[in-house]
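Me: I should be grateful for a close look at a single part of this structure. Please set out how that part is placed and what surrounds it.

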Amino acid sequence: MDQSPYDAIIIGAGMSGLAAGIRLARFDRRVCVLERHTTIGGLNSFYRLGGRNYDVGLHAVTNYAPRESRRGPLPVLLRQLRLSWDDFALVPQVRSQIVFPGAALEFSNDRALVEAEIARIFPRQIDGFRRLLENLLDYDQLGVDGHPVSSRAALGAYLTDPLLVEMLLCPVLYYGGYREHDTDFQQFSILFRSIFLEGLGRPLAGVRRILKALTRQFKALGGELRLRSGVSRIVAVAGRVERVVLDSGEELEARRVMSSAGWQETMRLCDPPGLHEEEPHGQISLVESISILDTAPRELGYDRTIVFFNDAERLHYARPEGLIDLSSGVICSPDNFAYDQPLEENAIRLTALANYDRWTALEEDDYRRAKREAYDRMTAAAVRHMPDFRPHVVQTDVFTPRTIHRYTGHDGGAVYGSPVKRYDGTTPLANLFICGTDQGLVGVIGAIMSGVTMANRHLLT
């Protein structure tokens, strides 16, 4: 094996790490992606259980674009990675819904629908909503302003009905809110565009198709992917990374290193230590249940793709006191995308806010019991907003904040990482950079965009 230094080592084989690797390998850089686990993807991964395929983490891919589209994040990323539209083969959602007491707002990948719904339910708010659309910040403005603005405060400048504000915040926070109660308006703008203006899609084979396309392209371009290769130390000399040390003791040299492990998690690997001050970790963690059904949800009279529900007029988006909070949540039916053929398995996925500390304090027997009880409570909450699918369940699985921590390494099982983002991707070491969630972009397309943009900015110069 070539023992000369790599041009780049990338820590983590999630979406952002693989995308960065493709971008570098495309320009003939010698690049190695290191992954601690036995499979790729991080939390957005897949596995088999009881002879069935399960996706982890993926409800839908935001930033949907049809085949002929040339604008927007997805077409740009496909060109950057030299992938075709067919490599992802996203299929659009059918129709989704936001349900609050006394109001149910529908939306799809046609922005005219959400405008029509707001005009119907909140007629006095439609002019303000249209002004909001005109003033949403664009992708290239993320992180430019050093003075974050509260989304709730910013929305209040356009919308006077607090219920509409809460309803618009609900999908944005559940699909990328890394702080309790609120998010920066810059982040809101990006997520709002990705959900409401570009829309939701999903490949027929789920996240497997996207991950396999990224891995195949990376290897085809000469990239090296090493599984079961966790990093124990990042050794620095004179303000620069000199080498990384694997859990096995093996040492690898690289001219530059990029990490998708998270800001604090990466800084703790650095030797000598003391390059950063510890910060509070993110508080937002989730429990998700997956129910495999013996029939398609449409056969039960359910045709919604995703339902975001909240039982009060104000969304309480925060770490719960108990194990889970079922006052709000997300119902996802992977079947209800516009496929031209049926899925291998019919499923319902339910998501609720969870408390990492409570889950990790449980002994193993109590932990298994708590998962079963959480499943029962989540399904009972869901069937208030959809037909009762429970008699049709043939297999289930549940992942918790412990699962999130295991597969992402994020402190506190924080599904969207640190509440402080480093938009420029730099660190105190001149040749160490970060990509992924803590760089500031979330979701599948956001993670891929982070890997590409950080590789372009810092590793291809």
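**Strand S14 and its neighbours**

Reply: In this predicted model, strand S14 (residues 285–293) and strand S17 pair in the antiparallel sense, with 9 bridges between them. Two residue pairs serve to locate this pairing in the structure. Leu293 stands opposite Asn346 in S17, and Ile290 has Arg349, also in S17, as its bridge partner.

S14 pairs with another strand as well. Strand S18 (residues 393–399) and S14 run in the antiparallel sense and share 6 bridges. Here Ile292 of S14 stands opposite Gln395 in S18. S14 is therefore a strand with pairings to both S17 and S18, while each face of S14 is covered.

The cover over S14 may be followed residue by residue. Of its 9 residues, 9 are buried, where buried denotes a relative accessible area under 20%. In a regular strand, side chains alternate between the two faces of the sheet. On one side of S14 lie Ser285, Val287, Ser289, Ser291 and Leu293, and these are all buried. The other side carries Leu286, Glu288, Ile290 and Ile292, which are likewise all buried. The buried set thus includes Glu288 and several serines alongside residues such as Val287 and Leu286.

The partner strand S17 can be described in similar terms. S17 covers residues 346–354, and 9 of its 9 residues are buried, so the rest of the structure largely encloses this strand. Besides S14, strand S17 pairs with strand S16 (residues 324–332), again in the antiparallel sense, over 5 bridges. Within that pairing, Ile331 stands opposite Leu350 in S17.

These strands belong to a chain with 14 helices and 19 strands. The radius of gyration of the chain is 22 Å, close to the 23 Å that the globule rule gives for 461 residues, so the chain is as compact as a globular protein of that length. The C-alpha trace spans about 65 × 50 × 45 Å along its principal axes.

Burial and contacts may also be stated for the whole chain. Of the 461 residues, 59% count as buried. Among contacts between residues at least 6 apart in sequence, 73% join residues at least 24 apart. The chain exposes about 18500 Å², of which carbon and sulfur atoms supply 47%. There are 53 positive and 58 negative side chains, and the centres of these two sets lie 4 Å apart.

How values were computed:
Residues are numbered from 1 along each chain as its sequence is written. This is a predicted model: local features need pLDDT of at least 70, side-chain atom pairs count only at pLDDT 80 or more; totals for chains, interfaces and linings use all residues. Side-chain values use heavy atoms; hydrogens and water are left out. Helices (H or I, at least four residues) and strands (E, at least two) are DSSP runs, numbered from the N terminus. The radius of gyration is taken over C-alpha atoms; the globule rule is 2.2 Å times the number of residues to the power 0.38. Buried means under 20% relative accessible area, exposed over 50%, partly exposed in between (1.4 Å probe, protein chains only). Contact means heavy atoms within 4.5 Å. Accessible areas come from the Shrake-Rupley method with a 1.4 Å probe; for residues, only the protein chains shown count as cover. Lys and Arg count as positive and Asp and Glu as negative; His and the chain ends are not counted. The place of a charge is taken as NZ of Lys, CZ of Arg, CG of Asp or CD of Glu. Two strands pair if DSSP finds at least two bridges between them.
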